[in-house]
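Good morning, and thank you for coming. I shall take a few minutes to walk through one structure, from its overall dimensions to a handful of individual residues.

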Amino acid sequence: MAGKGEGAGEGTLLKLENQIMVIKYTLLFTNVILWMIGAAIFALTLWMRFEPGLEEWIQKLDLHQFYNGVYLLLVAAILMMIISFVGCISSLQENQTALLIYVGSQALGFVFGGIGSAFLLENSARDSLIQPLIKESMRRLIMYSREDYAQKTLAMIQESIGCCGAEGAHDYLNLRQPLPTQCRDTVTGNPFFYGCVDELTWYFEEKAAWVTGLTMAVCFLLVCNAVMAIILIQAIKKEQEESTEYRR
């Protein structure tokens, strides 16, 4: 009977060791992927912050709040890379304290990633806070379109993306300003159909789509890794208990 008990205990320990090995190396693999995606988000957010064309339009239209989400995602990307490194070390060492710290850091990364994505989308997507701001800026530029700075800014925006006014050519008529040639299609001579609010929103939304999509993928990975880390902690605890019982 004693031999059977010892054999059963050894079998249980071996099974636990195999489970721990699988979880450990799965965590290692997912953390390497997490680090790579975090590095990609870091590069994309840096590019978004310092891209000359985007920066110029944001300055001219006074849309600096667009960068709030970018800054938050920049911090989130740095956190993700640190978290993935901590995850690799803690899982390889099978250290319960380090794994608990890892789980807590994942919660922090999830919060920063979620809030950053929400801020960025709230200031770049259709029906977001950015549209009234673009409308206000465009109408202000049209009101002062006889001045050199406003005239050049309107020409740059309307020629570059093929739009007219804030919501259409009628903005010039409503504000009693002449319709500039940059508002017209060079082939047909007709005013552009879309206003600059819609066109600029599509432009900003396209810029933000990739980085927010990647961040949401990382947030999903963070949740999966947190669950696996908790399972690993429980498996290590159980292995220690079984090992103690087996030695007795």
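Let me begin with a term that will return throughout: two residues are in contact when heavy atoms of theirs lie within 4.5 Å. Please also keep in mind that the model on the screen is a predicted one.

I turn to the overall architecture. The protein contains eight helices and zero strands, and the order of elements from the N terminus is accordingly α-α-α-α-α-α-α-α. The C-alpha trace spans about 100 × 30 × 25 Å along the principal axes. A compact globule of 248 residues would have a radius of gyration near 18 Å, whereas this protein has 28 Å. Of the 248 residues, 43% are buried. If we take the contacts between residues at least 6 apart in sequence, 77% of them join residues at least 24 apart.

A word on the surface and the charges. The accessible surface amounts to about 13,400 Å², and carbon and sulfur atoms account for 63% of it. There are 18 positive and 25 negative side chains, and the centres of these two sets lie 2 Å apart.

Next, the annotation. An unreviewed UniProt entry lists residues 25-50, 70-92, 99-121 and 208-233 under "transmembrane region". I examined two of these spans in the model. Residues 99-121 are 100% helix and 0% strand, with 33 Å between their end C-alpha atoms. Residues 208-233 are likewise 100% helix and 0% strand, and here the end C-alpha atoms lie 37 Å apart.

Two residues show how helices α4 and α8 meet. S117 sits in helix α4, which covers residues 96-122, and T215 belongs to helix α8. Is S117 buried or exposed? S117 counts as buried because its relative accessibility is 3%, below the 20% cut-off. T215 is buried as well, with a relative accessible area of 0%. Which residues does S117 touch, if we set aside those up to four places away in sequence? They are L73, T212, T215 and M216. On the same basis, T215 touches I41, L73, M80, G113 and S117. L73 therefore appears in the list for S117 and in the list for T215, given the contact criterion of 4.5 Å.

Let us move to the loop between α4 and α5, the latter covering residues 130-143. N123 lies in this loop and is buried, with a relative accessible area of 6%. Leaving aside neighbours within four places in sequence, N123 is in contact with Q65, F66, S128, L129 and I130. N123 and V103 are 20 residues apart along the chain, and their C-alpha atoms are separated by 31 Å. D127 is found in that loop too, but D127 counts as exposed, at 69% relative accessibility. The backbone of D127 deserves a look: phi is positive, about 60°, although the residue is not a glycine.

A second residue of this kind is R176, a residue other than glycine with a positive phi near 55°. Where does R176 lie? R176 is in the loop between α7, residues 170-174, and α8, residues 196-247. R176 is exposed, with a relative accessible area of 73%.

The loop between α7 and α8 also holds G195. G195 counts as buried, at 3% relative accessibility. Not counting residues up to four places away in sequence, G195 touches C163, C164, G165, A166, E167 and G168. G195 and A155 are 40 residues apart along the chain, with 14 Å between their C-alpha atoms.

For the last residue, consider E147, in the loop between α5 and α6, where α6 covers residues 148-161. Its relative accessible area is 48%, so E147 is partly exposed. E147 and S105 are 42 residues apart in sequence, and how many ångströms separate their C-alpha atoms in space? The distance is 53 Å, C-alpha to C-alpha.

To close, I return to the whole molecule: a predicted model of eight helices and zero strands, with a C-alpha trace that spans about 100 × 30 × 25 Å. Within it, S117 of helix α4 touches T215, a residue of helix α8. Thank you for your attention.

Technical notes: Residues numbered from 1 in each chain as written. Predicted model: local features only at pLDDT ≥ 70, side-chain atom pairs only at ≥ 80, totals over all residues. Heavy atoms only, no water. Helix = DSSP H or I, 4+ residues; strand = E, 2+ residues; numbered from the N terminus. Rg over C-alpha atoms; globule rule 2.2 N^0.38 Å. Buried < 20%, exposed > 50% of the residue type's maximum accessible area, 1.4 Å probe, protein only. Areas by Shrake-Rupley, 256 points an atom, 1.4 Å probe, with all protein chains shown as cover. Lys, Arg positive; Asp, Glu negative; His and termini not counted. Charge placed at Lys NZ, Arg CZ, Asp CG, Glu CD. UniProt positions renumbered as here; feature names shortened; annotations may be inferred.
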